[in-house]
Amino acid sequence: MLNTPKVPFRCILCESKDYQAVAPQTRDSDQRIIKCQKCSHIQIFPLPKTADENKFYNEDEQTRLLYKNIDIEEFEKRASFDTQRRIGLIENNFKRNISILDIGCGYGFFIKLAKDAGFNATGLEVSKERREIAQKVTGEKILPRAIQGKNKSGKKYDVITLFHVLEHIKNPIELARDLKTYLKPNGTIIIEVPNANDYLLTLNRNYKDFFWQRAHISYFTPETINEVLKKAGHKNVKIIGIQRYSFQNALNWISRGKPQLQNPKYGASKFKLIESIYKNFLAKNLICDTLWIEAKVN
Ligand SMILES: [Zn+2]
C-alpha cells in the first residue's frame with residue numbers, strides 16, 4: 001500500500017488526481033513512479049523542488065552520477081553514435097541551409113556536427129559547466145537559459161530539437177506551446193525521448209528498477225507524447241521508433257542484471273542478423289527504447 005502523499009497528486013498532462021503506483025522508488029531517489037488513471041501518463045512523484053533541480057543541473061551532477069572522470073574527447077566519441085544518427089535523420093528530411101536551435105544542447109556535439117553538415121545551428125544550455133564546454137566545442141555563443149515563456153526576441157528557427165530534454169521538464173505542454181513562437185511558419189519541432197513502452201521493461205526486473213531515475217519527470221509512451229504535442233497545438237505529429245541499445249545489451253541485462261554504461265555497445269554485436277531483426281522489430285512496433293517525434297507548427 002502507498003502512503004498518502006503530502007502534496008496531492010496532479011497529473012502534469014491532464015491534471016487528474018487519480019493514479020496507480022508503478023514503482024515505489026527510483027534508482028537514485030525515494031520519489032515514486034505513478035501512472036495517471038485518466039490519461040495513462042507516467043511521471044515521478046512528488047515533483048522535484050526547483051532549487052534542487054537547479055543544483056542538480058548546474059553542478060552537472062547528472063553527468064557525474066553516470067560518468068566519472070571522463071574526458072571530453074572520449075565523451076564525444078561515445079556520443080557520436082547518437083549524434084551521427086540524428087544528423088542523418090535530419091539530412092534526409094531538411095535542406096542544408098536551414099536554422100536549427102538545439103535546446104539542452106549539452107556539450108554541443110550535435111551543434112558541431114550540424115554545422116559541419118552545412119546547417120546553421122546554435123543552442124541553449126542551462127548547466128554552466130556543459131555550456132562552457134559547448135561554446136568551445138561549437139564556436140557558438142550558447143545561451144545560458146531555458147526557454148521560458150513566449151519568444152520576445154523575434155528570432156525564429158526552421159527546426160527546434162530537444163534530444164532527451166522533454167522528460168526532464170515539469171511542464172512539457174507549456175514548453176511545447178511556447179516553442180511554437182520560436183518556429184518559423186512551417187517550422188518543425190523534433191523531440192527524442194526514452195520510450196516507456198520499451199520491451200525490455202517487460203522482460204527484466206533489474207532493467208526496470210534501473211529505468212526510473214530522479215532526473216526524469218515524465219516517462220512518455222507514443223500515446224502520451226502525441227497527447228502533449230496535440231494539446232500544445234502542434235500538427236502532423238509523426239513518431240518514429242529507434243532502438244539504440246543492442247541485442248547484446250538486452251542479453252547482458254537478462255544474464256547479469258547490469259547496465260553497460262561503462263562500455264556501451266549500441267551496435268557492435270556479434271549477432272548481426274539477430275541484431276537487425278531485433279532492432280527493426282522493436283522500432284517498427286514502437287516498443288523500442290527511444291522515440292523520435294516530429295511535429296509541425298502549422
Ligand atoms: Zn493524466
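## Exercises: strands, helices and a few residues

Strands β4 and β5 (residues 120-124) run parallel to each other, paired over five bridges. Keep in mind that this is a predicted model.

**Exercise 1. Work out how β4 sits among its partners: which residues bridge, and how enclosed is the strand?**

Step 1. Start on the β5 side. Ile 103 has Leu 124 of β5 as its bridge partner.

Step 2. Now go to the other side. β4 is also joined to strand β6 (residues 157-163), by three bridges, and these two strands run parallel. Here you can pick out Ile 100, whose bridge partner in β6 is Val 159.

Step 3. Check burial. β4 covers residues 99-103, and four of its five residues are buried, so the strand is largely enclosed by the rest of the structure.

**Exercise 2. Give the strand order of the sheet that holds β4, and say which strands stand at the edges.**

Step 1. Walk across the sheet: the order is β5-β4-β6-β7-β10-β9. That is an open sheet of six strands, and its pairing is mixed.

Step 2. Look for strands with a single partner. These are β5 and β9, so each of them has one side left without a neighbour in the sheet.

Step 3. Add the twist, which averages 20° from one strand to the next.

**Exercise 3. Do the same for the sheet with β1: what is its order, and is the pairing parallel or antiparallel?**

Step 1. The order reads β1-β2-β3-β8, four strands in an open sheet.

Step 2. The pairing is antiparallel.

Step 3. At the edges you find β1 (19-23) and β8 (218-219), each pairing on one side only.

Step 4. Zoom in on the β8 end. Strand β3 (residues 42-45) pairs with β8 over two bridges, in the antiparallel sense. Gln 43 stands opposite Ser 218 of β8.

**Exercise 4. Classify the packing of α3 against α4 from the angle, and list who makes the contact.**

Step 1. Get the geometry. The axes of α3 and helix α4 (residues 109-116) come within 9 Å, crossing at roughly 50°.

Step 2. Apply the classes. Angles under 35 degrees would be roughly parallel and 65 to 115 roughly perpendicular, which makes α3 oblique to α4. The crossing is right-handed.

Step 3. List the residues. From α3 come Glu 76, Ala 79, Thr 83, Arg 86 and Ile 87, and they meet Phe 109, Phe 110, Leu 113 and Ala 114 of α4.

Step 4. Sort them by class: the α3 contact with α4 has six nonpolar, one polar and two charged residues.

Step 5. Think about the spacing along a helix. With 3.6 residues a turn in an α-helix, residues three or four places apart point the same way.

**Exercise 5. Repeat the analysis for α6 and α9, then look at what surrounds α9.**

Step 1. Helix α6 (residues 172-179) packs with helix α9 (residues 222-231) at about 50°, and their axes are 8 Å apart. That makes α6 oblique to α9, and their crossing is right-handed.

Step 2. α6 brings Pro 172, Ile 173 and Ala 176 to the contact, while α9 brings Val 228, Leu 229 and Lys 231. Split by class, that is five nonpolar, no polar and one charged residues.

Step 3. Which residues of α9 are buried? They are Thr 224, Ile 225, Glu 227, Val 228 and Leu 229.

Step 4. Find their packing partners: the buried residues of α9 pack against α6, β7 (183-194), β9 (235-242) and β10 (290-296).

Step 5. Finish with what follows the helix. Gly 233 comes after α9 and has a positive phi, near 90°.

**Exercise 6. Place Glu 74 and Lys 170, and decide how exposed each one is.**

Step 1. Glu 74 belongs to helix α3 (residues 72-93). The cut-off for exposed is 12 or fewer C-beta neighbours within 10 Å. Glu 74 has 11, so Glu 74 counts as exposed.

Step 2. Take a distance: Glu 74 and Lys 112 are 38 residues apart in sequence, with 16 Å between their C-alpha atoms.

Step 3. Lys 170 is in the loop between β6 and α6. Its 15 C-beta neighbours inside 10 Å make Lys 170 partly exposed.

Step 4. Set aside neighbours within four places in sequence, and Lys 170 is in contact with Ile 12, Leu 47 and Ile 217. For the Ile 12 pair, 158 residues separate the two along the chain, yet the C-alpha atoms are 7.2 Å apart.

Note on methods:
Residues numbered from 1 in each chain as written. Predicted model: local features only at pLDDT ≥ 70, side-chain atom pairs only at ≥ 80, totals over all residues. Buried ≥ 20, exposed ≤ 12 C-beta atoms within 10 Å, placed from the backbone. Axes fitted to C-alpha atoms, helices over the stretch in contact; angles between N-to-C directions. Parallel < 35°, antiparallel > 145°, perpendicular 65-115°, else oblique. Left-handed = near helix turned anticlockwise from the far one by under 90°. Contact = placed C-beta atoms within 7 Å. Nonpolar A, V, L, I, M, F, W, Y, C, P; charged D, E, K, R; others polar. Pairing = 2+ DSSP bridges.
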